[in-house]
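Dear colleague,

I am passing on the structure we spoke of, with the sequence beside it. Could you look it over before reading my notes?

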Amino acid sequence: MDSAFVDRAWDKWVKGNLGSSGSPLKAAVLINYDPTGPSRLLSTIAEQEGIDLYPVELKQFIDFMRRGNLPTETFVLGSNQYIITSVHENWFAARCLNTTQPAGEGAIVMQTAVYVLVALYDGSIGSASRAMAAADHFASQLGRKNL
């Protein structure tokens with residue numbers, strides 16, 4: 001795994017997609033994840049920006065991913081609970097159930113060969129489309145390196 005490449009690509013991607021007014025994302029997390037690996041192989045947070053996840057929260061999310069019951073379960077990230085709204089080949093979209101934002105909040109979760117990217121956004125349909133484009137851009141960078 002080329003961690004130097006991932007660090008550089010993450011930093012560049014974060015600068016263009018998080019933190020400033022008008023950015024498509026409010027937070028993002030990159031998780032080392034191998035669904036075919038042994039259960040004793042722990043997933044870790046490779047990168048995160050705009051959110052502070054802790055190991056217990058990460059374990060609950062990874063357990064949710066491993067169970068594979070995406071359309072029938074909810075998951076928790078930070079203080080928010082999400083429900084899946086659409087499932088695709090290597091990604092899914094979710095909406096926050098306990099948001100305080102008038103337009104709502106959502107998450108795009110994309111799986112690559114060795115990572116899971118979680119991109120969080122505020123807003124509705126238009127915001128979801130922009131978040132999806134931003135997440136897809138980073139995932140495709142990882143895909144080019146087979147990550």
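Below is what was found, beginning with the whole chain and ending with its last helix.

Please bear in mind throughout that this is a predicted model. The protein has 3 helices and 7 strands, and from the N terminus on these elements follow the order α-β-β-α-β-β-β-β-β-α. Its radius of gyration is 14 Å, close to the 15 Å that the globule rule gives for 147 residues, so the protein is as compact as a globular protein of that length. Taken along the principal axes, the box filled by the C-alpha atoms is roughly 40 × 35 × 30 Å.

As for the interior and the surface, 46% of the 147 residues count as buried, while the protein exposes about 7,800 Å², of which carbon and sulfur atoms supply 52%. Among contacts with a separation of 6 or more, 46% come from residues 24 or more positions apart. The 12 positive and 14 negative charges have mean positions that lie 3 Å apart.

Helix α3, residues 125-144, reaches 28 Å from its first C-alpha to its last, close to the 28 Å expected for its 20 residues at 1.5 Å a residue. Its buried residues include Ala128, Ala131, Met132, Ala135, Phe138 and Leu142, and the buried residues of α3 pack against α1 (3-17) as well as against the strands β1 (27-32), β5 (91-96), β6 (105-111) and β7 (115-122). After α3 comes asparagine 146, whose phi is positive, near 60 degrees.

With best wishes

How values were computed
Residues are numbered from 1 along each chain as its sequence is written. This is a predicted model: local features need pLDDT of at least 70, side-chain atom pairs count only at pLDDT 80 or more; totals for chains, interfaces and linings use all residues. Side-chain values use heavy atoms; hydrogens and water are left out. Helices (H or I, at least four residues) and strands (E, at least two) are DSSP runs, numbered from the N terminus. The radius of gyration is taken over C-alpha atoms; the globule rule is 2.2 Å times the number of residues to the power 0.38. Buried means under 20% relative accessible area, exposed over 50%, partly exposed in between (1.4 Å probe, protein chains only). Contact means heavy atoms within 4.5 Å. Accessible areas come from the Shrake-Rupley method with a 1.4 Å probe; for residues, only the protein chains shown count as cover. Lys and Arg count as positive and Asp and Glu as negative; His and the chain ends are not counted. The place of a charge is taken as NZ of Lys, CZ of Arg, CG of Asp or CD of Glu. The expected span of a helix is 1.5 Å times one less than its number of residues.
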